[in-house]
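Work through the exercises below with the structure open. Try each task before reading its solution.

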Amino acid sequence: GDEGVRPLADALRSNTVLKSLCLYQNNIDTDGAREIAEMLRSNASLKSLDLWHNNIGDAGMKALVAVLYTNTCLKSINLHGNDIGDEGARAVGQMLCSNNCLESIDLGMNRIGHEGVRELADALRFNSSLEDLVLEENKIGDNGVKFLADGMRFNSTLGRLALNDNQISTEGARILAKGLRFNTSLVSLKADDKYLLFLDSDDEEQVDTMIDQLIERNRKEMELMKSWATIDPAGSKAFCPVILSKAGKLCNMRAMYRLVLKRPDLFEGLVSRNSS
């Protein structure tokens, strides 16, 4: 708990050896977060901080964020399951507009809705260091997705985004797909089945056209990780041009075969063209 954090934080203020600190499931709340924040103000060696499943809340998040404006060492912070809402997410977004050291932030399993996501999405326009953003298991709906789609259009560093287990509809999938068509950095998207590609037989001609038009535009690989859910085909089809535009000369196209379980035959032409 907070009482145990205090002496640990005091000891780490001048520590120059420890690189990673894991304090998950330790009943740390706002006061403990403030102690950790004060430690980060002077510590110049810690690169990874894991506070998975504590209870720092919005106030604790604000305390940590205040230090991260000036801390140039920390690269990764895990705040998964910490009762953080829109207020805390807004603080994180504002900080990311000026912090260009953090590379990974896990804000999964919190209470973040579209107002909090708005600030995070705005930060993606300006931030040039963040590579990994986890927002799974929050309260993000289609309005929040609109902000993310817009922010991703202008971002060139974020490589991994987790949005599974939110409140995103088929229309939200379409919105995000449109935004990602202009993004050149995302290589991993973790989402529900609404973002995976399941095609009907009458789409074959359309797929061939997309391959021809998009394969040359964006030569990079894209890995899709799935969290099983059920949704109508319309949302999944929306991601077809996004996936193909990021296919490039795939050396691991077999991995995509395993994802496109229903119609892998539609991609045989793509594999043969890009395996030579």
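## Exercise 1: a charged network

Being three residues apart in helix 1, E3 and R6 lie about one helical turn from each other. Helices here are DSSP runs of H or I with at least four residues, and strands are E runs of at least two, numbered from the N terminus. This is a predicted model, where local features need pLDDT of at least 70 and side-chain atom pairs 80 or more, while totals for chains, interfaces and linings use all residues. Residues are numbered from 1 along each chain as its sequence is written, and side-chain values use heavy atoms, without hydrogens or water.

**Task.** Which residues do salt bridges with shared partners join to E3 in one network?

**Solution.**
1. Apply the criterion: a side-chain nitrogen of Lys or Arg within 4 Å of a carboxyl oxygen of Asp or Glu.
2. E3 pairs with R6, with the closest N and O atoms 3.1 Å apart.
3. R6 also bridges to E35, at 3.2 Å from N to O. This pair links helix 1 to helix 2, 29 residues apart.
4. Shared partners therefore join E3, R6 and E35 into one network.

## Exercise 2: accessibility

**Task.** Is E35 buried or exposed?

**Solution.**
1. Set the classes: buried is under 20% relative accessible area, exposed over 50%, partly exposed in between (1.4 Å probe, protein chains only).
2. E35 has 18%, so E35 counts as buried.
3. For its network partners, E3 is exposed at 60%, and R6 is partly exposed at 31%.
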